[in-house]
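Hello,

Here is the structure I promised to pass on. Please open it first; my notes follow below.

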Amino acid sequence: MFDQPEILLLKGFCSLSFGDSKENVIKKFGEPEEIQNLTDDILNNNSLVYHYWEYGFSLFFDTNKNQAFCNVEIDNKETLLFGIKIFSLKEKEIIALMLENGYELSDSEMHQWGEKRISFDSAGLDCYFENNRLVSVNFGVLETDTNFYYFPN
């Protein structure tokens with residue numbers, strides 16, 4: 001397994017790189033507790049999701065891109081971003097941390113159901129808050145206008 005989950009913006013998660021195979025993910029984390037297929041007809045996208053509920057994250061594979069590892073959704077409170085436990089930070093502190101590391105806030109939205117999202121598009125990062133507390137983080141590869149994923153080395 002791993003000591004502590006770590007967000008590596010635009011690169012990967014823990015020691016995995018975006019673009020890695022499902023086999024490499026299984027070598028790292030073992031078999032997922034649940035596997036799910038998600039289809040988005042609007043974006044014409046289909047993803048295979050490996051849920052690791054016990055560890056507090058889900059890993060996404062783009063079935064249109066040879067099932068390459070492309071995205072992470074995480075709610076594990078021990079998760080590190082730039083060496084700091086991101087779930088211990090308030091919204092303004094996350095914005096400051098991201099700015100300090102070269103990423104500006106690009107969007108913010110309050111959803112009808114009470115969840116707030118802040119986005120850092122240049123980092124491929126979305127943070128979700130409920131009652132002013134960070135509840136989940138979603139991050140992944142950047143997709144260009146040509147529907148081409150950039151998988152950094």
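Keep in mind that this is a predicted model.

Start at the hairpin of E11 and E12. Here 4 residues lie between the strands, and glycine 124 takes a positive phi near 65 degrees. Strand E11 covers residues 116–120 and runs antiparallel to E12, with 5 bridges joining the two. One pair to look at: arginine 117 has tyrosine 128 in E12 as its bridge partner.

Now follow the chain into the next hairpin, that of E12 and E13. It has 2 residues between the strands. Asparagine 131 takes a positive phi there, near 50 degrees. Strand E13 spans residues 133–140, and 6 bridges join E12 to E13, again antiparallel. Tyrosine 128 turns up here too: its bridge partner in E13 is serine 136. So tyrosine 128 has a partner in E13 as well as one in E11, arginine 117.

How enclosed is strand E12 by the rest of the structure? Largely, because 5 of its 6 residues (125–130) are buried. Buried here means under 20% relative accessible area.

There is also an open sheet elsewhere in the numbering. It has 5 strands, in the order E3-E2-E1-E8-E9, and the pairing is mixed. Its edge strands are E3 (16–17) and E9 (84–85), each of which pairs on one side only. Within this sheet, E1 (residues 6–8) and E2 (residues 12–13) pair in the antiparallel sense over 2 bridges. Isoleucine 7 stands opposite phenylalanine 13 in E2.

Best wishes

Terms used: Residues are numbered from 1 along each chain as its sequence is written. This is a predicted model: local features need pLDDT of at least 70, side-chain atom pairs count only at pLDDT 80 or more; totals for chains, interfaces and linings use all residues. Side-chain values use heavy atoms; hydrogens and water are left out. Buried means under 20% relative accessible area, exposed over 50%, partly exposed in between (1.4 Å probe, protein chains only). Two strands pair if DSSP finds at least two bridges between them.
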